[in-house]
Amino acid sequence: MLKNTFHLIFFLKDVDALKSTYKLIKSAHDGKSALDSLESFSFDLYVLCAEQAYQMGLPEISHDCLQMYFKGKAPVNQFLGRAYLCQSQLYTPVSTDNLEQFEKFNINLLKAIDFALSDSRYYFLIYNASVIYWKNIRPFLKPGSLYFLIPSLSQIVSALNHPDEEDKDWTAKLMIELLECFLDASRMEEAITFSSTAATFIEENAPSRYKDLFSIMVIFENVTNNLNFPLDANRILEKLQNFKLLKN
């Protein structure tokens with residue numbers, strides 16, 4: 001019954017209805033409600049309420065629902081991963097100055113990914129996590145700050161590279177972004193190693209991304225002309241031209 005209520009609340013964007021539902025959930029949790037008991041109360045409702053509250057700009061309610069959820073003995077299902085994702089968004093970084101908040105954002109998001117990797121039924125959460133991540137790390141997408149993304153983005157790209165992921169173009173995009181992060185950090189040896197992996201993946205799964213890879217390769221060659229770079233920008237350009245011919 002309450003699950004259907006959340007769908008209606010989301011559709012209508014009814015803040016008052018959400019607050020009323022939250023009070024019912026909190027009362028049930030505190031044992032003050034005659035309508036629901038902890039034995040019959042679904043833990044999923046905590047997460048549904050938290051998600052809707054976050055979407056409606058009520059982070060306090062979202063946080064409280066997640067606190068109640070994590071303190072209980074919730075079943076191991078998709079809502080555990082969704083709870084971590086929702087909690088991560090409560091720590092969305094607003095600037096590069098607050099790295100502690102950024103770390104909390106990453107910790108919770110990566111917990112969701114680790115959970116999803118344990119069962120192929122939850123692989124969809126990996127994609128969801130990657131979208132949430134990319135949407136919320138905008139303050140770091142500037143020269144001099146990209147290197148902060150390397151630890152978390154590396155894990156996300158690795159997690160996306162599973163056989164069931166259908167959106168190969170999205171994975172390729174994030175691979176290219178990770179290359180830029182390595183370059184921003186002047187971690188050239190890692191960039192060189194990863195560029196080979198990215199090029200192979202793009203060639204096999206997302207050839208339309210060759211133009212983006214070529215742009216990065218030109219930058220790489222300009223700053224690594226004394227290194228034994230394993231990829232030739234001319235080869236990338238040739239692949240790009242062949243792809244264009246195939247489309248025509």
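Axes here are lines fitted to C-alpha atoms, for helices over the stretch in contact, and the angles between N-to-C directions run from 0 to 180 degrees. With that in hand, welcome to a quick tour of this predicted model. The chain holds twelve helices and zero strands, and two of its helix pairs are described below, along with three loop residues.

**The chain as a whole**

- Reading from the N terminus, the elements run α-α-α-α-α-α-α-α-α-α-α-α.
- The chain has 248 residues, and 47% of them are buried.
- If you look at contacts between residues at least 6 apart in sequence, 63% of them join residues at least 24 apart.
- About 13,100 Å² of the chain is exposed, and carbon and sulfur atoms supply 52% of that area.

**How helices H2 and H4 pack**

- Two packed helices are described by the angle between their axes and the distance between the axes.
- For helix H2 (residues 15-29) and helix H4 (residues 59-71), the angle is about 25 degrees and the axes are 11 Å apart.
- Angles under 35 degrees count as roughly parallel, so H2 and H4 are roughly parallel to each other.
- The crossing of these two helices, H2 and H4, is left-handed.
- On the H2 side, the contact is made by Lys19, Tyr22, Ile25, Lys26 and His29, which meet Ile61, Asp64, Cys65 and Met68 of H4.
- Sorted by class, this contact of H2 with H4 has five nonpolar, one polar and three charged residues.

**How helices H7 and H9 pack**

- Helix H7 (residues 124-136) crosses H9 at roughly 45 degrees, and the axes of the two come within 12 Å.
- H7 and H9 are therefore oblique to each other.
- The crossing in which H7 passes H9 is left-handed.
- From H7, the residues Tyr127, Ser130, Val131 and Trp134 meet Trp170, Lys173, Leu174 and Glu177 from H9.
- By class, the H7 contact with H9 has five nonpolar, one polar and two charged residues.

**Loop residues to look at in the viewer**

- Lys13 sits in the loop between helix H1 (2-12) and H2.
- The relative accessibility of Lys13 is 48%, so Lys13 counts as partly exposed.
- Lys13 and Gln52 are 39 residues apart along the chain, and their C-alpha atoms are separated by 8.9 Å.
- Asp167 lies in the loop between helix H8 (150-160) and helix H9 (168-184).
- With a relative accessibility of 29%, Asp167 also counts as partly exposed.
- The C-alpha atom of Asp167 is separated by 8.6 Å from that of Tyr127, and the two residues are 40 apart along the chain.
- Tyr127 appears again in the H7 contact with H9, as one of the H7 residues that meet H9.

**A backbone angle worth a glance**

- Most residues other than glycine have a negative phi.
- Ser186, a residue other than glycine, has a positive phi, near 60 degrees.
- You will find Ser186 in the loop between H9 and helix H10 (188-205).
- Ser186 has a relative accessible area of 56%, and exposed means over 50%, so Ser186 is exposed.

Definitions and conventions. Residues numbered from 1 in each chain as written. Predicted model: local features only at pLDDT ≥ 70, side-chain atom pairs only at ≥ 80, totals over all residues. Heavy atoms only, no water. Helix = DSSP H or I, 4+ residues; strand = E, 2+ residues; numbered from the N terminus. Buried < 20%, exposed > 50% of the residue type's maximum accessible area, 1.4 Å probe, protein only. Contact = heavy atoms within 4.5 Å. Areas by Shrake-Rupley, 256 points an atom, 1.4 Å probe, with all protein chains shown as cover. Parallel < 35°, antiparallel > 145°, perpendicular 65-115°, else oblique. Left-handed = near helix turned anticlockwise from the far one by under 90°. Nonpolar A, V, L, I, M, F, W, Y, C, P; charged D, E, K, R; others polar.
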